[in-house]
Amino acid sequence: MLDRIFDPENRFWTFANKMADLVVLEFLTFVCCLPLVTVGAAFSAFWRMTLALVKDEEPRIFSGYFRTFRERFLTGTAAWLAHLALTAFLLLDVSLALGMGTVAGAFLAGLFGALLLLLSLAGLWLYPLVGAKGLSWREAVTAASLLAVRHLFSGLLGLALLGAALAGSFCIPYGVLFLPALACWGTARIINRVLDRNETAEPPDDPNDAEGAL
């Protein structure tokens, strides 16, 4: 009994190791996001490594992350800037519509808010497509938009998991140490399941490919 409990290869310890890897990935992503312009590349690298962890591919965390960060830098940055520009545009539209103070303004605010939600759903798919599937930013934007509509429930579930983890991190003592990792794990399982059925993306790269690794 004790042998099974303390066996490092049992399911509990295997899952705990993956959670520890995810915490490391989150820290790397936080640091790499600090210049702001690098957010797209950081998210792309994060999701590539996270999706590989969920698939039990045992990627090399540090070398794989920074190799993906470097390889996807231009594509991820272009995707991020496009995503950021559209988000800012829709937020401005919502603000202007609410400022009208009329029924028409409220209707327009609701319409722009719905578009903002769809854009957030597209963002959930955008960086995994860039990072794990190696699509160009234009291909990734198109595919992410289609996935946001076709897999609305899956996208909403993923956003709900990430949002709940973010809220819980502020409300639960030390929640930031494990809630985001759990939410990213659950979201990655959702993304993997959808992308595995999606025929618009190329097969994922091997995260353990040593070529160009740091």
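## Starting at a loop

Is Y174 buried or exposed? Y174 is exposed, because its relative accessible area is 65%, and the cut-off for that label is over 50%. This residue sits in the loop between α8 (152–171) and α9. Y174 also has a positive phi, near 65°, even though the residue is something other than glycine.

Before going further, keep in mind that what you're looking at is a predicted model.

## The overall picture

Let's step back to the whole chain. Its secondary structure comes to nine helices and zero strands, so if you read along the sequence, you just get α-α-α-α-α-α-α-α-α. The chain has 214 residues, and buried ones make up 43% of them.

How do the contacts spread along the sequence? Take the contacts in the chain with a separation of 6 or more: residues 24 or more positions apart account for 73% of them.

## α9 and its two partners

Helix α9 (residues 179–197) is a good place to look at packing. Start with α8, on the other side of the loop that holds Y174. The axes of α8 and α9 come within 8 Å and cross at roughly 175°. The two helices are therefore roughly antiparallel to each other. On the α8 side, the residues in this contact are S154, L157, G158, L161, L162, A165, G168 and S169, and they meet L179, P180, A183, C184, G186, T187, I190, R193 and V194 in α9. Sorted by class, that contact has ten nonpolar, six polar and one charged residues.

The other partner is α3 (residues 39–54), which packs against α9 at an angle of about 85°, with the axes 9 Å apart. That makes α3 roughly perpendicular to α9. Here F46, W47, T50, L51, L53 and V54 come from α3, while α9 brings C184, W185, T187, A188, R189, I191, N192 and L195. The residues of this contact divide into ten nonpolar, three polar and one charged.

C184 and T187 of α9 turn up in both places: they are listed in the contact with α8 and again in the contact with α3.

## A buried lysine and what it touches

Now find K18, which is in helix α2 (residues 11–33). Why does K18 count as buried? Its relative accessibility is 9%, and the label applies under 20%.

Which residues does K18 touch, leaving out those up to four places away in sequence? They are L53, D56 and W185. Two of these names should ring a bell: L53 of α3 and W185 of α9 are also part of the contact between those two helices. A polar atom of the K18 side chain lies 3.2 Å from the backbone oxygen of L53. The side chains of K18 and D56 are joined by a polar contact of 3.1 Å.

D56 itself lies in the loop between α3 and α4 (61–71). Whereas K18 is buried, D56 counts as exposed, because its relative accessible area is 52%. D56 is not a glycine, yet its phi is positive, about 60°. Y174, back in the loop between α8 and α9, has a positive phi too.

## Rings side by side

A pair of aromatic rings is described by the distance of the centres and the angle of the planes. A search of the whole structure turns up five aromatic pairs. One of them is Y65 with F66, an edge-to-face pair at 5.4 Å centre to centre, with 85° between the planes. Y65 is buried, with a relative accessible area of 0%, but F66 counts as partly exposed at 27% relative accessibility.

F69 and F73 have ring centres 5.9 Å apart and planes at 55°, so this pair is tilted. At 17% relative accessibility, F69 counts as buried, while F73, at 29%, counts as partly exposed.

## One serine in α7

A last stop is S145, in helix α7 (residues 137–150). Its relative accessibility is 35%, so S145 counts as partly exposed. The S145 side chain reaches the backbone oxygen of V141 at 2.8 Å. How far apart are S145 and L119 in sequence and in space? They are 26 residues apart in sequence and 7.7 Å apart in space, C-alpha to C-alpha.

Conventions:
Residues numbered from 1 in each chain as written. Predicted model: local features only at pLDDT ≥ 70, side-chain atom pairs only at ≥ 80, totals over all residues. Heavy atoms only, no water. Helix = DSSP H or I, 4+ residues; strand = E, 2+ residues; numbered from the N terminus. Buried < 20%, exposed > 50% of the residue type's maximum accessible area, 1.4 Å probe, protein only. Polar contact = N/O pair within 3.5 Å; in protein donor to acceptor, adjacent residues only side chain to side chain. Contact = heavy atoms within 4.5 Å. Phe/Tyr/Trp six-rings, centres within 6.5 Å; stacked < 30°, edge-to-face > 60°. Axes fitted to C-alpha atoms, helices over the stretch in contact; angles between N-to-C directions. Parallel < 35°, antiparallel > 145°, perpendicular 65-115°, else oblique. Nonpolar A, V, L, I, M, F, W, Y, C, P; charged D, E, K, R; others polar.
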